[in-house]
Amino acid sequence: MKLGFVTYQIGRDWDVPAIIDMCGRTGFTGVELRTTHAHGVESSLSAGERSEVRRRFEDGGVDLVGLGTAFEYHSVDPDEVRSNVDGTVDYAKLAADLGCPGVKVRPNGLQTEAGIPEEATLEQIGKAVGECAEAADGLGVQIRVEVHGKDTQEPRRMRAIMDHADHPNAYICWNSNFGEVQDGSVEANYRLLAHKIGLVHITEIYRAEYPWRELFRLLQADGYEGYTLAEIAHSPEPERLMGYYKALWEAYQT
């Protein structure tokens, strides 16, 4: 497996050259860029600007692993859902231009308080994901659905979403949520989604209540050779923090 990081928190204020430089200094080999952050890698970039971003990552020897968007599809307003689907496709086109293999999206809630049955919302989300996956498939870009949201992050609900999506280009972004742990293990919940895992986010790796060794063993046993991306908080000493993180990540695999 490979180690990268997510710029959701740490790195959110860095520009692209700073991100590439930090990877070089810490041994992280890839990054998922969170959209709307200081790096400015957005769908509004011109063709020339897209080429320049791609060149910088290639020349720097850093993998642009994904674009981390906040597109979601649970709204009761069909126009809002349509806007999020169209936005996802725009970012899939950006990813293709950047040589980036995936776009992360997310579920973010149910609508039971509005009187809409849970299953109806899960189906709505899933069908929107399927539409995005179909459009992105022609671009060579994966749609990665983050295990996310207070209610929707439950693996059984994520499984329902993916079943409704029903597309080979729709993948799971495993999110290492502590709620996935049952009796000290993540295996039961992992098995619900393992066939669809295309990317992995890992969080506070020092917290021993999450069975990191078990997760890594499960991924390796299934032949996962992709990225585990550190989603960690901002630090006034980012190079030092990322150095410790990498050392612990390596230790958990021995």
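## Close-up views of a predicted barrel model

**View 1. Strand β6 and its partner on either side.** Let us start at one pair of residues: Glu146 stands opposite Cys173 in β6. The chain gets from β5 to β6 by way of helix α5 (residues 155-165), in a right-handed β-α-β crossover. This is a predicted model, so please read each legend with that in mind. Strand β5 (residues 142-146) and β6 run parallel and are joined by 4 bridges. Cys173 also stands opposite Leu199, a residue of β7. From β6 the chain passes through helix α6 (residues 187-193) to β7, and this β-α-β crossover too is right-handed. The pairing of β6 with strand β7 (residues 197-202) is parallel and spans 3 bridges. How many of the 5 residues of strand β6 are buried? The count is 4 for this strand (residues 170-174), so β6 is largely enclosed by the rest of the structure.

**View 2. The whole ring of strands.** Stepping back for a moment, we can place β6 among its fellow strands. The barrel is closed by 8 strands, in the order β1-β2-β3-β4-β5-β6-β7-β8, with parallel pairing. From one strand to the next, the twist averages 30 degrees. As a reminder of what holds such an arrangement together, strands of a sheet pair through backbone hydrogen bonds, either parallel or antiparallel.

**View 3. Strand β2, covered on both faces.** Here we move to β2 and the strands that pair with it. Strand β1 (residues 2-6) is joined to β2 by 3 bridges, and the two run parallel. Within this pairing, Phe5 stands opposite Val31 in β2. A right-handed β-α-β unit is made by β1, helix α1 (residues 16-26) and β2. Strand β2 (residues 30-34) also pairs with strand β3 (residues 63-68), in the parallel sense and over 5 bridges. Two residue pairs to look for are Gly30, which stands opposite Asp63 in β3, and Leu33, whose bridge partner in β3 is Leu67. Which residues of β2 lie on each side? Gly30, Glu32 and Arg34 are on one side, Val31 and Leu33 are on the other, and all are buried. With 5 of its 5 residues buried, β2 is therefore largely enclosed by the rest of the structure.

**View 4. Helices α2 and α3 crossing.** This view turns to a contact between two helices. The axes of helix α2 (residues 47-60) and helix α3 (residues 78-98) come within 8 Å, with a crossing angle of roughly 55 degrees. That angle makes α2 oblique to α3. On the α2 side, the contact involves Arg50, Val53 and Arg54; on the α3 side, their counterparts are Lys93, Leu94, Ala96, Asp97 and Leu98. Sorted by class, the contact holds 4 nonpolar, no polar and 4 charged residues. For following side chains along either helix, a general rule is handy: an α-helix has 3.6 residues a turn, so residues three or four places apart point the same way.

**View 5. Helix α7 and what covers it.** Which residues of helix α7 (residues 212-221) are buried? They are Trp212, Glu214, Leu215, Phe216, Leu218 and Leu219. Their cover includes the strands β6, β7 and β8 (227-230), along with the helices α6 and α8 (238-251). Just after α7 comes Gly223, with a positive phi of about 80 degrees.

**View 6. Pro155 in helix α5.** Now for a single residue: Pro155 is found in helix α5. Its relative accessibility is 7%, so Pro155 counts as buried. Beyond its neighbours within four places in sequence, Pro155 is in contact with Glu180, Asn189, Leu192 and Leu193. Pro155 and Trp212 are 57 residues apart in sequence, and their C-alpha atoms are 18 Å apart in space.

**View 7. Leu122 in helix α4.** The last view centres on Leu122, which lies in helix α4 (residues 118-137). Is Leu122 buried or exposed? Leu122 is buried, and its relative accessible area is 1%. Setting aside residues up to four places away in sequence, Leu122 touches Leu110, Thr152, Arg157, Ala160, Ile161 and His164. Between Leu122 and Tyr73 there are 9.4 Å in space, C-alpha to C-alpha, while in sequence they are 49 residues apart.

Key
Residues numbered from 1 in each chain as written. Predicted model: local features only at pLDDT ≥ 70, side-chain atom pairs only at ≥ 80, totals over all residues. Heavy atoms only, no water. Buried < 20%, exposed > 50% of the residue type's maximum accessible area, 1.4 Å probe, protein only. Pairing = 2+ DSSP bridges. Right-handed = clockwise from strand over helix to strand, strands pointing away. Contact = heavy atoms within 4.5 Å. Axes fitted to C-alpha atoms, helices over the stretch in contact; angles between N-to-C directions. Parallel < 35°, antiparallel > 145°, perpendicular 65-115°, else oblique. Nonpolar A, V, L, I, M, F, W, Y, C, P; charged D, E, K, R; others polar.
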